[in-house]
Amino acid sequence: MKIFEPYANILYRNNGDGTFTDVTRDADLKHMGNHYSAVWGDYDNDGWLDLYAVDSGDISGGKAGLLYHNNADGTFTNVAPDVGLEHEAQERYGTAAWGDLDNDGFLDLIIKNGIRDQIPLEEGSLSVYKNNGNQNHWLQIKLVGEKSNRLGIGASITVNVGNQKLYGHLTGAGGGDYMSQGYAPVHFGLGENTQTDSITITWPSGIKQNIADITVDQLIAIHETS
């Protein structure tokens with residue numbers, strides 16, 4: 001692999017039967033670049049996961065990253081220029097992470113500089129972008145394991161709200177990726193919904209826990225119980 005050679009992103013859709021299908025072109029994610037990291041997060045809280053991809057650039061320097069808005073129909077649109085994320089930095093950004101830094105319910109973005117030693121323009125600044133939010137609702141869930149590990153890593157969460165079923169998985173990365181770690185609570189964008197119908201947590205221990213009628217726009221801690 002040549003450090004400055006552009007490559008296409010690839011998105012594989014899980015078919016639910018142990019196989020995957022390359023849907024990159026159908027999803028309009030075929031951008032060519034020197035991508036080191038891609039992180040998922042619902043930045044506009046509409047209930048659909050969006051994607052930020054870091055582009056470390058070519059011999060001339062770093063390139064602007066791409067924020068792919070999920071169009072809720074299997075396609076994505078790069079909206080980075082529209083939301084203030086098309087920076088003109090010359091240095092090479094290597095990774096990024098989502099996290100709600102100011103606890104307002106909207107995911108902010110941190111972009112880390114640096115890909116490896118002895119690469120031109122490798123050194124540079126760290127960038128933090130505040131999400132100014134909108135009127136959509138949200139819920140953040142912190143898990144506290146008892147029989148499982150204390151942080152609940154490995155647990156899966158299903159949130160039923162309106163006509164949507166939202167899935168989250170606590171991996172420990174928390175919205176981070178290559179050489180990064182995001183904010184720990186599992187974040188759900190809920191769109192216009194003001195109440196969840198039910199929440200199901202499947203803990204690493206195998207315990208399944210159901211909670212109903214949780215008010216939105218808050219961070220809740222759920223302790224593992226039988």
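A polar contact here is a pair of N or O atoms within 3.5 Å; within protein, one must be able to donate a hydrogen and the other to accept it, and residues adjacent in sequence count only if both atoms are side-chain atoms. This is a predicted model, where local features need pLDDT of at least 70 and side-chain atom pairs count only at pLDDT 80 or more, while totals for chains, interfaces and linings use all residues. Residues are numbered from 1 along each chain as its sequence is written, and side-chain values use heavy atoms, with hydrogens and water left out.

**Exercise 1. Work out what surrounds the side chain of Asn131.**

Step 1: place the residue. Asn131 sits in the loop between β11 (127-129) and β12 (137-144). Helices (H or I, at least four residues) and strands (E, at least two) are DSSP runs, numbered from the N terminus.

Step 2: look for polar partners. A polar atom of the Asn131 side chain lies 2.9 Å from the backbone oxygen of Leu107. The Asn131 side chain also reaches the backbone oxygen of Tyr43, at 2.8 Å.

Step 3: widen the search to contacts, meaning heavy atoms within 4.5 Å. Skipping neighbours within four places in sequence, you get Tyr43, Asp104, Phe106, Leu107 and Asp108 for Asn131.

Step 4: is Asn131 buried or exposed? Buried means under 20% relative accessible area, exposed over 50%, partly exposed in between (1.4 Å probe, protein chains only). Asn131 comes out at 14%, so it counts as buried.

**Exercise 2. Lay out the sheet that holds β6.**

Step 1: get the strand order. The sheet is open and has four strands, running β5-β6-β7-β8 with antiparallel pairing. For a pair, DSSP must find at least two bridges between the strands.

Step 2: find the edges. β5 (35-41) and β8 (76-78) each pair on one side only.

Step 3: check the twist. On average, neighbouring strands are turned by 20° against each other, direction ignored. Axes are lines fitted to C-alpha atoms, for helices over the stretch in contact, and angles run from 0 to 180 degrees between N-to-C directions.

Step 4: walk along the pairings. β5 and β6 (residues 50-55) share six bridges, with Gly41 opposite Asp50 and Trp40 partnered by Leu51. On the β7 side (residues 66-70), β6 has three bridges, and Ala53 faces Leu66 there.

**Exercise 3. Decide how covered β6 is, using Leu51 as a test case.**

Step 1: count. Six of the six residues in β6 are buried.

Step 2: split by face. In a regular strand the side chains alternate between the two faces of the sheet. In β6, Asp50, Tyr52 and Val54 are on one side, with Leu51, Ala53 and Asp55 on the other, and all are buried.

Step 3: zoom in. Leu51 has a relative accessible area of 8%, so it is buried. Beyond four places in sequence, Leu51 touches Leu29, Ala38, Val39, Trp40, Leu66, Leu67 and Tyr68. The C-alpha atoms of Leu51 and Val39 are 5.7 Å apart, though the two are twelve residues apart in sequence.

**Exercise 4. Identify the nonpolar cores.**

Step 1: set the rule. A nonpolar core is a set of buried Ala, Val, Leu, Ile, Met, Phe, Trp, Tyr and Cys residues joined through side-chain atoms within 4.5 Å.

Step 2: apply it. The largest core has 20 residues, and Ile141, Leu143, Ile157, Val159 and Ile199 have the most contacts inside it. Apart from it lies another core of 14 residues, including Val39 and Trp98.
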